[in-house]
Amino acid sequence: HSACSLSYVSHEIRKGKTKLEGLPATYGLEEECTTLEITCMDPVISLEVVLCYTLFEELDVIKKNVRIRNQNKNQIILTKVLSSCLNLEGMDYDMITLNGSWARERYVERKRIGYGEQGISSIRGESGHQQNPFLAILSSDATEDYGEVYGFNFVYSGNFIAKVQGCQFDNIRVIMGIHPETFRFVLETNQEFQSPEVVMVYSDIGIGGMTRTFHDLYRNHLIRGEYKDKKRPVLINNWEATYFDFNTEKLLNIAREAKKFGIEMLVMDDGWFGKRNSDNGSLGDWVVNEEKIEGGLHYLVSEINKLGMKFGIWFEPEMVSPDSDLYRTHPDWVLEIPGRKAALCRNQYILDLTRTKVRDYVFNSLSNILNSANIEYVKWDMNRQLTDVGSYAHGEYHQGEIYHRYVLGVYDLMERLTKEFPHILLENCSGGGGRFDPGMLYYSPQIWCSDDTDAIERLEIQRGTALVYPLSCIGAHVSDCPNHIVSRTTPFETRGYVALSGTFGYELDITKITEEEKKLIPKQIAQFHKYSDLIRTGDYYRILAGVDCNYDCWQIISKDKTETLITIIQILGRPNVHSKRIRLKGLVKDEMYCDSESGECYSGGALMHAGILVPNLDGDFKGKIYHFIKE
Ligand code: DGJ
């Protein structure tokens, strides 16, 4: 039979938070959080379920997950394990989700909650470009600065479901967890199943309050490693500059020119290994192609280091091309339903990372490269969703475990990599932002936000991303125009302003851009050095979201409220518009703040209530930044 009915057995309250074995999770010291574990039992099937809650003292956050133990002498098959369930009284709520597609990730959608079921999900094997594992429920009159908001985010990078049910009694229920559709997990006697956790954030000061709590939580209790609180090097990535068409000389020319203008690191993207000159082959063969990288990797990296620059490299560790030595040797190492041929996507198969020996192969390939030269950054890419999910290594009875075991395999690899190479800055990527989730943030302090680097498209993409995720983790670069995705030409300054509110870097052939553009680079880099601490650690406010769609404007204030940076971007130039008023937020009313450019000083109250008048920006896609410091 298939039923489960749980009753309370006992509970325990203790300081701190237990680590989740094999899964990413928020963390906190004993003085920072308290954990409540409620043990429940279904005596008929002898199934123990522990509901685990952790409260963070300084933040309006509760995290929730469940741990299941089979105490039956027979095996139990789990077909649905959700991580959280919250009932709210009434139905007068709206729902916010982040939806999109490749190159158009995480657009904000707000809609009214109705009767029946509504929500988002992924059964693509990754969190996906289409729907981010995030959901907010808010009072229907809530705004940026007013009203109640409940935010839910799943700390997991695979299939998920997030659903709201409007029920017959006019109440709602919100659930979140691993998607049951692709899940069937066999638990033997005494075995445990650990669910990933859901982070639940509460704000009674509107959507902005929810955002700032998520940012604080992730910066202080999720992101780890050496770069957690550190300024990131200004990098230049060769993807949009050369695609697959590069060699040592081209890379060195880019690096030499980049160095002159203050860029600190060169990242060599896809195409340096095997025989890879297009996306047709070689994934899995992690051996340097010395026809392109003449002199070898060690030579290239030492030449870059001699320039005084760091070096970073691209991998796609989870994949294998049919045209590769790896696939020819181990055709059974891919995810495939035994007896059927798996589908290709971007000409590649997915490696069966549920298997230890496949993970060992990948880990050893990566470490051989990383140990062969002074590599200080890795971009971990993943360019297709999972299909045909089956494994030759697990019996037919266990095929329903593969989606989840795959995600655990990815986490295991990332944990090994970050432990073995703690000095390397890891940037996650999945065809742009296809796996932008808190699970990934546990391993990599930054994630490439989108393959769409157009400054105007990025406004919406980055605004949606920053609804939940801190600016410190949003991979953003200045790229060349016309833009490679939308063919739009935007001012170089504007591209800089938009990338500044992320990790900041360049993605263009610096040897080919105009002298005027080159001259702007040192100014942009100086701005990055000046504002990076503020942007990474400050409080983020949306100023014009939903107010005037011809502009985007956002503000970052230091925690001590002594400094603030405001960015305004105008989409289209308009005739006969002389100025735009923007009212700042979060300042101290009676303190005086001075504009670093004009020297003019105003009270916080004046800046928040009367605001500043931005002069006509005179043209399409123009931007401006303001910086105020407390007098
Ligand atoms: C997708 C990434 O998002 C790009 O930045 C680039 O690394 C390509 N993959 C390389 O194949």
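**Two sheets and a ligand site**

Ile236 stands opposite Leu266 in strand S18. This pair offers a convenient way into the structure, which is a predicted model. Strand S18 (residues 265-268) is joined by 3 bridges to strand S17 (residues 235-237), and the two run parallel.

Both strands belong to an open sheet of 9 strands with parallel pairing. Read across, the order of this sheet is S25-S24-S23-S22-S19-S18-S17-S27-S26. At its edges stand strand S25 (474-475) and strand S26 (478-479); each has a single partner strand, so one side of each is left without a neighbour in the sheet. Helix H4 (residues 296-306) packs on this sheet, where it touches S18 and strand S19 (310-315). The direction of helix H4 makes about 140° with that of S19.

A second sheet can be followed in the same way. Here 6 strands form an open sheet, this one with antiparallel pairing, in the order S28-S29-S30-S35-S32-S33. Its edge strands are S28 (539-542) and S33 (601-603), each of which pairs on one side only. On average, neighbouring strands of this sheet are turned by 25° against each other, with direction ignored. Within the sheet, strand S32 (residues 592-595) and strand S35 (residues 623-630) run antiparallel and are joined by 3 bridges. One residue pair to look for is Asp595 with Phe628, its bridge partner in S35. Helix H11 (residues 515-537) lies across S28, strand S29 (551-557), strand S30 (563-570) and S35. Relative to S30, helix H11 runs at about 105°.

Attention now turns to the ligand. It is surrounded by 13 residues, and the closest are Asp269, Asp270, Lys379, Asp381 and Asp451. The shell around the ligand divides into 4 nonpolar, 3 polar and 6 charged residues. Several contacts can be picked out by atom. For Asp269, a polar side-chain atom lies 2.7 Å from an oxygen atom of the ligand. For Asp270, an N or O atom in the side chain is 2.7 Å from an oxygen atom of the ligand. In the case of Asp381, a polar side-chain atom lies 2.7 Å from a nitrogen atom of the ligand. On its own the ligand has 290 Å² of accessible area, and the protein covers 98% of it.

Two details of the backbone complete this tour. Most residues other than glycine have a negative phi, and most peptide bonds are trans. Against that background, the peptide bond from Cys481 to Pro482 is cis, with omega near -5°. Pro482 is found in the loop between S26 and helix H10 (492-500). Asp170, although not a glycine, has a positive phi of about 65°. The loop that holds Asp170 runs between strand S12 (160-166) and strand S13 (172-178).

Conventions. Residues numbered from 1 in each chain as written. Predicted model: local features only at pLDDT ≥ 70, side-chain atom pairs only at ≥ 80, totals over all residues. Heavy atoms only, no water. Pairing = 2+ DSSP bridges. Helix = DSSP H or I, 4+ residues; strand = E, 2+ residues; numbered from the N terminus. Axes fitted to C-alpha atoms, helices over the stretch in contact; angles between N-to-C directions. Contact = heavy atoms within 4.5 Å. Near = heavy atom within 4 Å. Polar contact = N/O pair within 3.5 Å; in protein donor to acceptor, adjacent residues only side chain to side chain. Areas by Shrake-Rupley, 256 points an atom, 1.4 Å probe, with all protein chains shown as cover. Nonpolar A, V, L, I, M, F, W, Y, C, P; charged D, E, K, R; others polar.
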